Amino acid sequence: MAELEHLNVTVKDTHATAEMLCDLFGWEIRWEGASIHEGYSLHVGSKTSYLALYTPPETPTPAGARYYSCAALNHLGIVVDDLDAVKQKVIARGYVPNSHQDYEPGRRFYFEDENGIEIEVISYA
C-alpha cells in the first residue's frame with residue numbers, strides 16, 4: 001500500500017508558519033534551505049510525514065477560491081490526541097476555531113492561518 005509522505009504548499013513566511021505548526025502540533029523542522037525558483041523551503045512534521053513549506057522570492061499571490069479552483073488546497077487535516085488542548089493553543093495564538101463537529105468516528109474543528117490555509121484539527125480519542 002502506498003503512503004503519503006508530504007505535501008508542498010506556498011506560504012508567506014516559511015519560518016513563521018513552521019513555528020506555528022511546531023507549537024500547535026509538536027512537529028519538528030526536518031530540513032530547510034534554498035529551493036526551486038530562487039525560493040526557500042522548510043520541511044516540518046514527523047519522522048514519517050511532513051509539510052514542505054515554500055516561499056518564493058516575491059510575495060506570493062492568494063490562491064483561487066477553495067473548492068472552486070482546480071488544484072486549490074481545500075484544507076489540511078491534522079489528527080491530534082487532545083483536541084481541547086490544541087484548541088486552547090489555537091485560541092491563544094489569536095486564531096478563531098469554527099465549524100465544530102462531533103460525529104463518528106471523531107471530533108473536529110477548523111481554523112484559518114495567516115496564509116489563508118484552512119486547517120482541520122481532528123481527534124479520534
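**Exercise 1. Is Cys70 buried or exposed?**

Solution. The model is predicted, so local features need pLDDT of at least 70 and side-chain atom pairs count only at pLDDT 80 or more, while totals for chains, interfaces and linings use all residues. Residues are numbered from 1 along each chain as its sequence is written, and side-chain values use heavy atoms, with hydrogens and water left out.

Step 1. Buried means under 20% relative accessible area, exposed means over 50%, and partly exposed lies in between (1.4 Å probe, protein chains only).
Step 2. Cys70 has 81% relative accessibility and therefore counts as exposed.
Step 3. Cys22, at 21%, is partly exposed.
Step 4. With a disulfide taken as a pair of cysteine sulfur atoms within 2.5 Å, a search of the whole structure finds 0 disulfides.

**Exercise 2. Describe the sheet that contains strand S5, and state which strands stand at its edges.**

Solution. Step 1. Helices (H or I, at least four residues) and strands (E, at least two) are DSSP runs, numbered from the N terminus. Two strands pair if DSSP finds at least two bridges between them.
Step 2. The open sheet has 4 strands in the order S5-S8-S7-S6, with mixed pairing.
Step 3. S5 (76-79) and S6 (98-103) are the edge strands; each has a single partner strand, so one side of each lacks a neighbour in the sheet.
Step 4. S5 runs parallel to S8 (residues 118-123), joined by 4 bridges; Leu76 has Ile119 in S8 as its bridge partner.

**Exercise 3. Place helices H1 and H2 relative to the sheet and to each other.**

Solution. Step 1. Axes are lines fitted to C-alpha atoms, for helices over the stretch in contact, and angles run from 0 to 180 degrees between N-to-C directions. Contact means heavy atoms within 4.5 Å.
Step 2. H1 lies across S5, S7 (106-112) and S8, at about 15° to S8. H2 lies across S6, S7 and S8, at about 10° to S7.
Step 3. The axes of H1 (residues 14-25) and H2 (residues 83-92) come within 9 Å and cross at roughly 145°.
Step 4. H1 contributes Asp23, Leu24 and Phe25 to the contact, and H2 contributes Val86, Lys89 and Val90.

**Exercise 4. Trace the pairing of strand S3 and decide how enclosed S3 is.**

Solution. Step 1. S2 (residues 28-35) pairs with S3 in the antiparallel sense over 7 bridges, and Ile29 is partnered by Val44 in S3.
Step 2. S2 and S3 form a hairpin with 3 residues between them, and His37 in the turn has a positive phi of about 55°.
Step 3. S3 also pairs with S4 in the antiparallel sense, over 6 bridges; 4 residues join these two strands in a hairpin.
Step 4. Because 6 of the 7 residues of S3 are buried, S3 is largely enclosed by the rest of the structure.

**Exercise 5. Identify which element supplies the largest share of the largest nonpolar core.**

Solution. Step 1. A nonpolar core is a set of buried Ala, Val, Leu, Ile, Met, Phe, Trp, Tyr and Cys residues joined through side-chain atoms within 4.5 Å.
Step 2. The largest such core has 23 residues, and Leu21, Phe25, Leu53, Phe111, Ile119 and Val121 touch the most other members.
Step 3. The largest share of this core, 5 residues, comes from H1.
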